[in-house]
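User: I'm new to reading protein models, and I'd like to go through this one with questions. Please start with a word I'll need again and again.

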Amino acid sequence: MSHSVLFELFLVLTAAVIAVPLAQKLHANSIIGFLIGGFCIGPFGLGLINDREDISTVAELGVVFLLFMIGLELSRERLRVIGGRFATLGFLQIAVTLAVMFGILLLISKDMPSSMVIAGALALSSTAIILKQLSDERQLHTRFGRAALAILLLQDVAVGPFLIMVQAAGKAGTETSPWISVLTGIGAVAILLLVGRYLLPRLFRYIAALKNPELFAIGTLFVVLAASTLTEAAGLSMALGAFIAGVMLAETEFRHQIEADISPFRGVFLSLFFMSVGMSVNANVVIGEAGT
């Protein structure tokens with residue numbers, strides 16, 4: 001059954017309003033509520049939303065804005081957190097997990113590119129989930145919380161190279177050399193960083209001088225979508241472009257104003273992302289694999 005995009009959005013929000021309070025009453029994380037709510041209305045649940053293209057669009061937008069927010073938090077001040085023993089701990093966590101999982105996947109007859117991609121994904125954690133959990137337990141400002149934050153920041157920095165690696169692995173069997181894909185991706189990243197260093201501050205100073213809050217928010221969205229479009233045109237992920245856009249804007253003096261403008265929407269984008277993940281869960285595959 002086909003529905004309009006507006007009605008599908010209504011179904012998503014309705015499922016969230018019902019599932020999240022139920023999860024909290026059961027003393028479960030609200031993210032569990034979003035996942036269950038998305039599964040219930042998805043094609044493998046009640047089937048209220050069956051258009052997988054719409055689901056993937058929602059998921060992609062959720063990831064784009066999630067990585068933009070992560071990049072926006074990676075200013076020089078926050079990067080100073082990564083230092084000393086915490087930096088060593090973060091590098092060891094990523095390297096050891098990557099090496100162990102890569103070896104295991106090769107032993108179970110996975111090819112090298114696929115093994116590297118899967119191992120890289122397993123070596124990274126969900127910043128959104130862990131930071132929310134630390135915040136709920138009031139551990140962000142403890143020694144344990146600072147160590148976890150440093151590791152998460154290192155993992156966030158590793159997202160960029162990992163996305164380039166995924167793109168290269170995806171083209172490993174094509175006529176295009178994976179190394180050409182890597183060099184193209186590095187070139188696109190370099191261009192974005194140069195634009196962010198020399199042009200973005202001037203652009204936002206001009207917009208700020210107009211004293212129009214709506215135009216400032218529009219300018220922020222323009223930068224995010226322009227960077228995402230450029231990386232997609234270069235054969236990379238739109239999410240990578242959004243991540244770089246966040247890093248670029250984190251280096252400007254307007255970072256705090258940008259955070260204030262988009263912070264009301266951060267939870268909404270994260271909610272849509274987790275709901276879309278829940279809608280993509282195929283229970284039949286999970287049950288079938290569990291029985292093998």
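Analyst: Let's begin with burial: a residue is buried under 20% relative accessible area, exposed over 50% and partly exposed in between, using a 1.4 Å probe and protein chains only. This is a predicted model, where local features need pLDDT of at least 70 and side-chain atom pairs need 80 or more, while totals for chains, interfaces and linings use all residues. Residues count from 1 along each chain as its sequence is written, and side-chain values use heavy atoms, without hydrogens or water.

User: How many helices and strands does the protein chain have?

Analyst: Helices (H or I, at least four residues) and strands (E, at least two) are DSSP runs, numbered from the N terminus. Reading along the sequence, you meet α-α-α-α-α-α-α-α-α-α-α-α-α-α. That makes 14 helices and zero strands.

User: What percentage of the contacts with a separation of 6 or more joins residues 24 or more positions apart?

Analyst: A contact here means heavy atoms within 4.5 Å. Among contacts in the protein chain with a separation of 6 or more, the share from residues 24 or more positions apart is 73%.

User: What part of the protein chain's exposed area do carbon and sulfur atoms supply?

Analyst: Areas come from the Shrake-Rupley method with a 1.4 Å probe, and for residues only the protein chains shown count as cover. The protein chain has 292 residues, and 39% of them count as buried. It exposes about 16400 Å², and the share from carbon and sulfur atoms is 70%.

User: How far does helix 12 reach from its first C-alpha to its last?

Analyst: Helix 12 covers residues 238-250, which is 13 residues. The expected span is 1.5 Å times one less than the number of residues, and here that gives 18 Å. The model comes close to this, with a reach of 19 Å.

User: How many residues of helix 12 are buried?

Analyst: Helix 12 is mostly covered. Its buried residues include Leu240, Phe243, Ile244 and Met248. Out of 13 residues, the number buried is 12.

User: Which residues does Gly71 contact, leaving aside neighbours within four places in sequence?

Analyst: Gly71 is found in helix 3 (residues 52-72), and it is buried, with a relative accessible area of 0%. Its C-alpha sits 9.7 Å from that of Leu240, though the two are 169 residues apart along the chain. Leaving aside those sequence neighbours, Gly71 is in contact with Phe243, Gly246, Val247 and Ala250.

User: Which side chains meet in a salt bridge?

Analyst: Side chains of opposite charge can pair when their charged atoms come close. A salt bridge needs a side-chain nitrogen of Lys or Arg within 4 Å of a carboxyl oxygen of Asp or Glu, and the whole structure has one. At 3.0 Å, N to O, the side chains that meet are those of Glu253 and Arg205.

User: How many residues apart in sequence are the parts this pair ties together?

Analyst: Glu253 is partly exposed at 48% relative accessible area, and Arg205 is partly exposed too, at 43%. Glu253 lies in the loop between helix 12 and helix 13 (255-279) and Arg205 in helix 10 (residues 200-209), so the pair ties together parts whose separation in residues is 48.

User: Which helix gives the largest share of the nonpolar patch?

Analyst: Patches use residues with over 30% relative accessible area and no salt bridge, joining like charges within 9 Å and nonpolar side chains (Val, Leu, Ile, Met, Phe, Trp, Tyr) within 5 Å. Here Ile191, Leu194, Val195, Tyr198, Leu199 and Leu230 make a nonpolar one with about 570 Å² of accessible area together. Leu230 belongs to helix 11 (residues 213-233) and is partly exposed at 36%. The largest share, four residues, comes from helix 9.

User: Which residues do ring pairs link into a cluster?

Analyst: Rings of Phe, Tyr and Trp (its six-membered ring) pair if their centres lie within 6.5 Å; planes under 30 degrees apart are stacked, over 60 edge-to-face and the rest tilted. The whole structure holds four aromatic pairs. The cluster is made of Phe204, Phe216 and Phe254.

User: What is the phi of His27 near?

Analyst: Most residues other than glycine have a negative phi. His27 sits in the loop between helix 1 (5-25) and helix 2 (30-41) and is exposed, at 77% relative accessible area. Its phi is positive, near 60°.
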